[in-house]
Amino acid sequence: MTQETVAPTSDAVLDREEMISRDELEALQLTRLQHTVAYAYDRVPLYKRKFDEAGVHPTDLRELSDLGKFPFTTKEDLRLEYPFGMFAVPQHEVARIHASSGTTGRATVVGYTKKDLADWAKLVARSLRASGVRPGMKVHNAYGYGLFTGGMGAHAGAEALGCTVIPISGGQTERQITLIQDFKPDAILATPTYLLTIADAMMKQGIDPASTSLKFAVLGAEPWTEEMRHELEVMMNIKACDIYGLSEVMGPGVAGEAVETQDGSHIWEDHFRPEIIDAFDPTVVLGDGEPGELVFTSLTKEALPIIRYRTKDLTRLLPGTARPAHRRMGRITGRSDDMIILRGVNLFPSQIEEIALRIPELSPHFQLELTRPEGQRMDQLTVKIERRESVTVERVASAAKVLQQQIKIHVGSSCTVDVVEPGSLERSNGKLRRIYDMRPKA
């Protein structure tokens, strides 16, 4: 279906690259892509080795479709080159280093030159502006600071836009509420589940979350659904938009959602070339509109150029609307490495969230527990979910049955539903853990 082009709000002053035609943008992409592939080949031993092993050379890239000839980069590549083997510039040109937590293996390390940092700030500013934030606004930044790219990336972008930044970081929920009341920010930056935690804590204090000064929320770092957007917007009387990024590609600001359309994040394709591949057969590059795994190639990065990076995020590419030349990402449905395979059925936490939030008695707070009872070969899924405060115990059994039936119908897997008391499940202080795998280790 053809998407309607929507003009940006009249008070938004756009970058020139946001307004160029698709043909101009693709010509710019090709020039920058040819430079980046040659630059990575010449400066990063891993890329030279991988290109040579694949039998390709930077001169083979004559048109955009030729990118598919080049090998992928994976998180494992970055781990093998730990700490600085992926850097394309000498150490004295690296202005900042960030890294992943390393909780699932050796940390991945990323670096930035001064130009990289300036480009990053510009793209975060562009994303925030698209989502309704304007120069002069006060911005409450509840993304975590430190080696995680979220806090400092969002901070620099808000400053570049001309905002006043309140650098609270994640956690300390009571203090978050105090500063929101006292400093009266216009916008908040956080993960969606942590904003939900803040709103719930406000209500427990007798504060109406809809009564604050907040008008906009720019949310990212974890998959979330349209149902979660509706929950937050109604609860807090705000406009909530998505921001996308990942450390290996840049950090937040790779893509941003426009407040006037709220129809998915526009990828800033003057700096990144996206592809969608079949997650189970990565040799297959899929067309726009087809769901698969998102792959990114950077076009302007100096310290750490990234070629065909497999993000593991599952989505699809759609035509641009508010920024017509720049394609949009559909909502992230999950990560291929977060997918639960339950008795042959593929299941993602976002599917449970989408279904649960359509049942009025149930809250957005849930956990998925995977077990394998002793002596049995089949895995069992238990959905633990809180009832809403206003719901009587008598209505809980009916709501649990509805959720169980809807999961069976829409996901295709049987499960047990355990509706628990409000406030009894873990709350987010940043990224929320949804899956608890309690199956015996092989």
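I started with the aromatics: Tyr41, Tyr47, Phe51 and Phe70 come together as one aromatic cluster. This is a predicted model, so I kept an eye on confidence.

**Aromatic pairs.** I looked up how many aromatic pairs the structure holds, and the count is seven. I took Tyr41 and Phe51 to begin with: their ring centres lie 5.9 Å apart with the planes at 15°, and since planes under 30 degrees apart count as stacked, this pair is stacked. The pair links distant parts of the chain, with Tyr41 in helix H2 (residues 22-43), Phe51 in helix H3 (residues 45-54) and the two positions 10 residues apart.

Are these two rings' residues buried or exposed? Tyr41 has 12% relative accessibility, so I noted it as buried. Phe51 is at 0%, so Phe51 goes down as buried too.

Next I checked Tyr112 and Trp120. Their ring centres are 4.7 Å apart and the planes meet at 10°, so I have this pair as stacked. Tyr112 and Trp120 are both buried.

**Thr149.** Tyr112 and Trp120 turned up again when I went through the contacts of Thr149. Leaving out residues up to four places away in sequence, Thr149 touches those two along with His98, Ala154, Ser247, Met250, Gly251 and Pro252. Thr149 belongs to helix H6 (residues 149-161). Its relative accessible area is 3%, and the cut-off for buried is under 20%, so Thr149 is buried.

**Charges over rings.** Which ring does the charged end of Arg126 sit over? I found it over Trp268, 5.0 Å from the ring centre. For Arg434, I found the charged end over the ring of Phe366, at 3.9 Å from its centre.

**Strands S20 and S21.** I then moved on to strand S20 (residues 380-387) and strand S21 (residues 416-420), which pair in the parallel sense over five bridges. Within S20 and S21, I noted Glu386 standing opposite Val420. Helix H11 (residues 393-410) joins S20 and S21 in a β-α-β unit, and I logged its hand as right-handed.

**Confidence.** What does pLDDT average over the chain? I get 93, with 97% of the residues scoring at least 70. Residues 1-8 are another matter: pLDDT stays under 50 there, and the model has 15 contacts beyond four places in sequence for this stretch. Where pLDDT is low, the predicted coordinates should not be read in detail. I therefore left the contacts of that stretch alone.

Key:
Residues numbered from 1 in each chain as written. Predicted model: local features only at pLDDT ≥ 70, side-chain atom pairs only at ≥ 80, totals over all residues. Heavy atoms only, no water. Phe/Tyr/Trp six-rings, centres within 6.5 Å; stacked < 30°, edge-to-face > 60°. Helix = DSSP H or I, 4+ residues; strand = E, 2+ residues; numbered from the N terminus. Buried < 20%, exposed > 50% of the residue type's maximum accessible area, 1.4 Å probe, protein only. Lys NZ or Arg CZ within 6 Å of the ring centre and 35° of its normal. pLDDT = per-residue confidence, 0-100. Contact = heavy atoms within 4.5 Å. Pairing = 2+ DSSP bridges. Right-handed = clockwise from strand over helix to strand, strands pointing away.
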